Amino acid sequence: MINRDKLVRSSALAVRVASIANGAFLLAVALGLAASWVMAGRFTTLLLGAGAGGDLAQMTAGARWMLVLGLAMAAGAFVLLRELGAMVASVSAGDPFVAANADRLRRIGWALLFLQLLDIPGYLIRWSFPALGNAAPDAGMSPGGWIAVLMVFVLARIFAAGTALRDDLEGTI
Amino acid sequence: MPIIVTLDAVLDRKGMTLTQLSEAIDITLANLSILKTGKAKAIRFSTLEAICRVLDCQPGEILTFERD
């Protein structure tokens, strides 16, 4: 039981740290995006320093799209971490088998699907802005990610069925 | 729910209290109250059997169906 409590506490801490990191990432990306217009000259120098070669206008446009992609990723991660945090909190409260957690798990599934689908715009950026070179998002498909999406949706369904069963059992005399 | 629990009437007839019944069938008074007030979602055959044995009655005397 002590080990389980430690695990729950560590999970809660990990989710909190990840949420803070995600918030910082979101802020950095938003600032980067704003800087690409407000401080266009410095932004260009920064891109040249990154070692990407070729058309500078294309590089700037590509970098802006990458930052927009980063914002979308942070938004997806925000939903995922918020729901995960609420689930961990319900575990530490001692009653995780509630209908709300089945909904949370489903929302985590949607967030994961959204994050997986971001591979497509990532690939499009890589394809549309070759000047970005190695700085472009990785275009590789990740089968593990798709399996995780499927698994979370199936688990959400199982969780919902289990919660309904428990509710029935609780009302059985 | 169209199933009405008429445990009260049978208890009255037998001159028994809910507390005595709960002690006789080893089910908590709280759970038996839930059953009596019709708030239970389901009843186990074992519970029904125990109640019928102690109250010497048929399941139909405890549960009644009433159309909505």
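Modeller: Helices are DSSP runs of H or I with at least four residues, strands are DSSP runs of E with at least two, and both are numbered from the N terminus. This is a predicted model, where local features need pLDDT of at least 70, side-chain atom pairs count only at pLDDT 80 or more, and totals for chains, interfaces and linings use all residues. Residues are numbered from 1 along each chain as its sequence is written, while chains are lettered from A and ligands numbered from 1 in the order in which they are written.

Colleague: OK, how many helices does chain A have?

Modeller: Going from the N terminus, its elements read α-α-α-α-α-α. Chain A has 0 strands, and its helix count is 6.

Colleague: What radius of gyration does chain A have?

Modeller: That radius is taken over C-alpha atoms, and the globule rule is 2.2 Å times the number of residues to the power 0.38. For 173 residues, a compact globule would come out near 16 Å. The C-alpha atoms of chain A fill a box of roughly 75 × 30 × 25 Å along the principal axes. Chain A doesn't match the globule figure: its value is 21 Å.

Colleague: How far does H3(A) reach from its first C-alpha to its last?

Modeller: This helix covers residues 56–92 of chain A, 37 residues in total. The expected span (1.5 Å times one less than the number of residues) is 54 Å. H3(A) gets close to that, reaching 52 Å.

Colleague: And which residue with a positive phi follows H3(A)?

Modeller: Inside the helix, residues including A:Trp65, A:Leu80 and A:Glu83 are buried, meaning 20 or more other C-beta atoms, placed from the backbone, lie within 10 Å of their own. Just after H3(A), phi turns up near 95° at A:Gly94.

Colleague: Over to chain B: why does its size agree with a compact globule?

Modeller: Chain B runs β-α-α-α-α-α-β along the sequence, and its C-alpha box is roughly 35 × 20 × 20 Å along the principal axes. A compact globule of 68 residues would have a radius of gyration near 11 Å, so chain B agrees, with its own value at 11 Å.

Colleague: At roughly what angle do H2(B) and H3(B) cross?

Modeller: B:Leu18, B:Thr19, B:Leu21 and B:Ser22 meet B:Leu29, B:Leu32, B:Ser33 and B:Lys36, contact meaning backbone-placed C-beta atoms within 7 Å. The axes, lines fitted to C-alpha atoms over the stretch in contact, are compared on a scale from 0 to 180 degrees between N-to-C directions. They come within 9 Å and cross at roughly 115°.

Colleague: Finally, how many residues of chain B does chain A contact?

Modeller: Chain A brings 4 residues to the meeting. On the chain B side, the count is 10.

How values were computed
Contact = placed C-beta atoms within 7 Å. Buried ≥ 20, exposed ≤ 12 C-beta atoms within 10 Å, placed from the backbone.
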